[in-house]
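Please work through the exercises below with the sequence and the model open beside the text. Each exercise sets a task, and a step-by-step solution follows.

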Amino acid sequence: MGKILVTGATGNIGKSVVNELMKRGEEVKAALFDIKEDVACEKVKFDFLNAETFTEALEDVDRIFLVRPPQLANPKKDMRPFLEVVASKKIKQVVFISLLGVEKNPIVPHRKIEDMIKQMAIPYTFIRPGFFMQNLSTTHAAEIRDRNEIFVPVGKAKTSFIDTRDIGAVAAECFTSDKHIYQSYTLTGSEAIDYYEVAQILSEELERKVVYKNPGLLEFRRETIKRGTKKEFANVMTMLYLLTKMGTAEKVTDDLERVMQRKPITFKQFVRDHKNTWETKTKITV
């Protein structure tokens, strides 16, 4: 078997993919925009927008873990050149991290990439995860840590959060058997919870009161920009949370359990594993 090229190798999912593949004894090559980044495997300079980096990145590679960099919003211009080279190399499998509900949404970039992969007859596995638990330990970490609040505009809508460690584990597993080729897996946690429940779990585990603020959509956008988020990203977040408010994030599947033969990581376990992310010097009694 050849090597597995992992794009997004330093991201939340990519790190897990690299670790899981190495546990399985696979030869892994991390495709990095910044070659100085620290990874536990072979690394190679790679840029979707620079075709000169494709040849070395794909050398001795027969499988690819593919993540779309969020700043690349035009798949036809940004991603297609690389996929055309992949198709010409007769790659055995591309495992692509797509998006929950993408099969019903032809507008989003992930769907366009799925369609291109199919049109080029590249053997694929599509992984379509729901909202990441890690959004709360990255994007929303400061508001939880410093303000003891979750500032999200989705009302009582529920979300079937999934841990990115589970996504990485499924992706790695999909490289181990041909039975996963030409399959699509929708990955969620084992339950959907609302943000009032999220706040309650955080309060219990952190031993201080965390409140779900539930602002209006326009207030959320305005305040998010005021707190330092770029306007473009604030717009994307607002749209995603509008869709969540409409019920698009509540779907629960058993795809992860079928692939991994175990239950998904629970939200409570995620909070316990990431407690230091939200630690403050002063504890507020629940």
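A salt bridge is here a side-chain nitrogen of Lys or Arg within 4 Å of a carboxyl oxygen of Asp or Glu. The model is a predicted one, in which local features need pLDDT of at least 70 and side-chain atom pairs count only at pLDDT 80 or more, whereas totals for chains, interfaces and linings use all residues. Residues are numbered from 1 along each chain as its sequence is written, and side-chain values use heavy atoms, with hydrogens and water left out.

**Exercise 1. Salt bridges**

Task: find the salt bridge of Glu 114 and the elements that hold its two ends, then examine other salt bridges in the model.

Solution. Begin with the general idea that side chains of opposite charge can pair when their charged atoms come close. Glu 114 makes its salt bridge with Arg 128, and the closest N and O atoms of the two are 2.8 Å apart. Glu 114 belongs to helix α5 (residues 109–119) and Arg 128 to strand β6 (residues 124–129), so that this pair links distant parts of the chain, 14 residues apart; helices (H or I, at least four residues) and strands (E, at least two) are DSSP runs numbered from the N terminus. Next, check the surroundings: Glu 114 and Arg 128 are both buried, where buried means under 20% relative accessible area, exposed means over 50%, and partly exposed lies in between (1.4 Å probe, protein chains only).

Now turn to Asp 166 and Arg 262, whose side chains meet in a salt bridge of 2.7 Å, N to O. Because Asp 166 lies in helix α7 (residues 164–174) and Arg 262 in the loop between α11 (255–260) and α12 (267–273), the pair ties together parts that are 96 residues apart in sequence. The two ends can be described separately, since Asp 166 counts as buried at 0% relative accessibility, while Arg 262 is partly exposed with a relative accessible area of 32%.

A further pair is Asp 62 with Arg 63, with closest N and O atoms 2.9 Å apart, and both of these residues are buried. Finally, Glu 20, Lys 23, Arg 24 and Glu 173 are linked in a network of salt bridges, and the count by this rule comes to 22 salt bridges.

**Exercise 2. Strand β1 and its partners**

Task: decide whether the residues of strand β1 (residues 3–7) are buried or exposed, and then find the strands that pair with β1.

Solution. The first step is to count: 5 of the 5 residues of β1 are buried, and therefore the strand is largely enclosed by the rest of the structure. The second step is to look at the directions of the side chains, for Lys 3, Leu 5 and Thr 7 point one way from β1, whereas Ile 4 and Val 6 point the other way.

The third step is the pairing, which requires that DSSP finds at least two bridges between two strands. With strand β4 (residues 61–66), β1 pairs in the parallel sense over 4 bridges, and Arg 63 in β4 is the bridge partner of Ile 4. With strand β2 (residues 28–32), β1 also runs parallel and is joined by 4 bridges; here Val 6 stands opposite Ala 30.

**Exercise 3. Residues with positive phi**

Task: where do Asn 148 and Glu 207 lie, and is each of them buried or partly exposed?

Solution. Take Asn 148 first, which has a positive phi of about 55° although it is not a glycine. Asn 148 sits in the loop between α6 (141–147) and β7 (149–150), and at 14% relative accessibility this residue counts as buried. Glu 207, likewise not a glycine, has a positive phi of about 60°. This residue is found in the loop between α8 (195–206) and β11 (211–212), and with a relative accessible area of 44% Glu 207 is partly exposed.

**Exercise 4. A helix residue and a distant position**

Task: place Asn 12 in its element, and state how far its C-alpha atom is from that of Trp 278.

Solution. Asn 12 lies in helix α1 (residues 12–23), and its relative accessibility of 39% makes it count as partly exposed. The C-alpha atoms of Asn 12 and Trp 278 are separated by 17 Å, and these residues are 266 residues apart along the chain.
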